[in-house]
Amino acid sequence: MSIQIPQLPKGTRDFYPEAERIQNYIFDTWRKVAESFAYEEYEGPMFEHLELYTGKSGDEIVSQLYNFVDKGDRAIALRPEMTPTLARLVIQKARELKKPFKWFSMPRLFRYEKAQKGRLREFFQLNMDIIGTESIYAEADLMAAIATMLRKFGLKDGEFAIGVSSRKLLATYLEEIGAPNPALVYPVLDRRLKIGPEAFAKALTDAGLSDEQIQKLDAFMSCKSIEEVKAAVKSENASAALDEIVELFATLQSAGFGECVNLDLSIVRGLAYYTGIVFEVFDKGKSMRAIAGGGRYDSLTEKLGGDRIPGVGFGMGDVVLADLLREHNLLPSPKQSVDFYIASFTNDMKKVFETAQMFRASSSTAENGTNFTVSHPLAPMKMGKQLDQANYQGAKIVVYVDGDKAQAGEFEFKDLRDGTMHVGNADAIVKQLNS
Ligand code: HAM
């Protein structure tokens with residue numbers, strides 16, 4: 001009987017060291033930029049009670065849940081997004097947490113989606129959220145962070161765009177044209193560009209809209225400038241929602257992010273909990289799925305049974321981001337790199353271990369906080385083999401523990417980057433590394 005080789009589950013990834021190196025580069029950059037904007041990191045469990053998601057997140061995400069009943073008969077779901085967990089954390093400590101606060105997290109998420117380009121069943125998502133303020137400057141802070149992050153990854157302004165819309169504005173417009181229950185209409189509007197004009201019109205007819213209302217809505221969602229929107233809306237609420245967007249854009253403009261944002265009323269977002277500004281980040285030409293998406297959710301904590309605490313934030317997935325960076329040749333080399341490889345002509349393993357440890361220890365006292373990576377053979381082997389290994393591991397300098405040209409306290413060493421041979425003490429070797 002043949003045994004079947006185990007298979008990778010659909011929509012998941014293995015991270016061999018080369019892939020994990022790229023992953024860590026993304027995580028490091030996310031974390032560095034989030035911290036530079038003074039967001040604090042938090043985490044939560046990877047699974048929650050199913051009821052945290054049902055009904056609160058929007059139908060699409062609920063249909064994508066990975067859920068099961070555990071041995072204690074509890075209905076459990078793997079987290080498909082972080083926002084409900086964040087809301088739970090906020091509700092639990094609503095009194096103690098000094099508001100407003102800015103938090104970030106980089107959760108592993110699970111969605112039972114059709115696996116395709118840009119969409120997997122298991123992925124990572126940077127979440128940045130601001131809790132406890134209704135100020136539009138919270139949106140400005142988040143968008144400044146997104147633009148800074150994408151620039152840090154090496155993308156240029158114009159290669160990405162944050163498209164901004166407003167559920168408040170849409171709601172007032174729906175009211176103005178007398179459309180029925182916006183909660184039923186949003187999911188259709190969210191799919192407008194994905195499903196094509198005919199299916200869009202049919203879905204809206206099914207949601208109870210007349211042909212005239214559909215036409216008006218379609219024209220409204222195609223507005224490209226504030227002026228066009230101003231001409232289309234009448235109510236005071238609508239102009240208040242519009243003023244907010246104007247102030248947001250002016251603020252971002254003054255901080256040097258004017259080129260990174262634009263009005264895009266075709267953005268609605270699928271999740272049910274958004275109440276104000278909504279936004280999505282796309283590559284130029286929208287050739288890929290969204291890099292990130294988010295918005296304001298001022299009543300989520302209340303819907304979950306807590307006090308009303310406003311929030312706004314976004315999620316940026318690792319999958320589309322990595323695809324985009326790969327396309328622009330912006331990912332670092334996935335190859336291993338090692339500072340020192342400690343070699344021995346006489347297979348003096350004790351000396352090898354002792355010297356390796358000396359370099360590791362010296363790095364912990366180095367002033368600039370460098371952390372030397374030090375490797376060496378794990379079994380006695382010929383020098384040729386040791387050098388092969390050093391090259392394969394991307395070593396910069398090979399230190400020979402028993403070269404006969406070295407005096408006491410010194411080593412022969414070879415810089416593999418230019419092939420030069422040297423003799424010197426540990427300080428000289430470190431100096432060569434940094435040359
Ligand atoms: P979302 O639009 O569902 O929002 O996801 C945000 C981003 O996560 C997407 O733009 C995409 O980059 C990534 N993403 C989503 N699903 C997948 C998938 N199946 N595979 C790969 N990447 C994916 C939310 O999740 C909100 N909770 C974001 C948020 C935070 N809103 C406020 N705070």
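How many nonpolar, polar and charged residues make up the shell around the ligand? In this predicted model, the shell is made of 11 nonpolar, 9 polar and 6 charged residues. Of the 26 residues around the ligand, those that come nearest are E81, T83, E113, L120 and Y274.

Several polar atoms of the protein lie at short listed distances from the ligand, and they can be taken one by one. In the side chain of E113, an N or O atom is 2.5 Å from a nitrogen atom of the ligand, and E113 is also one of the residues that come nearest to the ligand. A nitrogen atom of the ligand likewise lies 2.8 Å from a polar side-chain atom of D129. With I291 it is the backbone that takes part, since a polar backbone atom of this residue is 3.0 Å from an oxygen atom of the ligand. Taken alone, the ligand exposes 660 Å², and the protein buries 96% of that area. The elements that give two or more residues to the shell around the ligand are the strands β7 (122-131), β11 (292-296) and β12 (311-317).

From β11 the path leads on to D298, which sits in the loop between β11 and α11 (300-303). Is D298 buried or exposed? D298 counts as buried because its relative accessibility is 8%, below the cut-off of 20%. The side chain of D298 is joined to that of R296 by a polar contact of 2.8 Å. Leaving aside residues up to four places away in sequence, D298 touches E134, T275, R308, I309, P310 and G311.

Another part of the model to follow is helix α5, which spans residues 167-176 and whose buried residues are R167, L169, L170, T172, Y173 and L174. These buried residues pack against the strands β8 (160-166) and β10 (277-283), and also against the helices α6 (182-190), α8 (211-221), α9 (226-232) and α10 (236-254). At the start of α5, the backbone nitrogen of K168 has a side-chain oxygen of S166 within 3.2 Å. After the helix comes G178, whose phi is positive, near 75°.

The cysteines can be considered last. The structure holds 0 disulfides. C223 counts as buried because its relative accessible area is 5%, and C260 is buried as well, with a relative accessible area of 1%.

Technical notes: Residues numbered from 1 in each chain as written. Predicted model: local features only at pLDDT ≥ 70, side-chain atom pairs only at ≥ 80, totals over all residues. Heavy atoms only, no water. Near = heavy atom within 4 Å. Polar contact = N/O pair within 3.5 Å; in protein donor to acceptor, adjacent residues only side chain to side chain. Areas by Shrake-Rupley, 256 points an atom, 1.4 Å probe, with all protein chains shown as cover. Helix = DSSP H or I, 4+ residues; strand = E, 2+ residues; numbered from the N terminus. Nonpolar A, V, L, I, M, F, W, Y, C, P; charged D, E, K, R; others polar. Buried < 20%, exposed > 50% of the residue type's maximum accessible area, 1.4 Å probe, protein only. Contact = heavy atoms within 4.5 Å. Disulfide = S-S within 2.5 Å.
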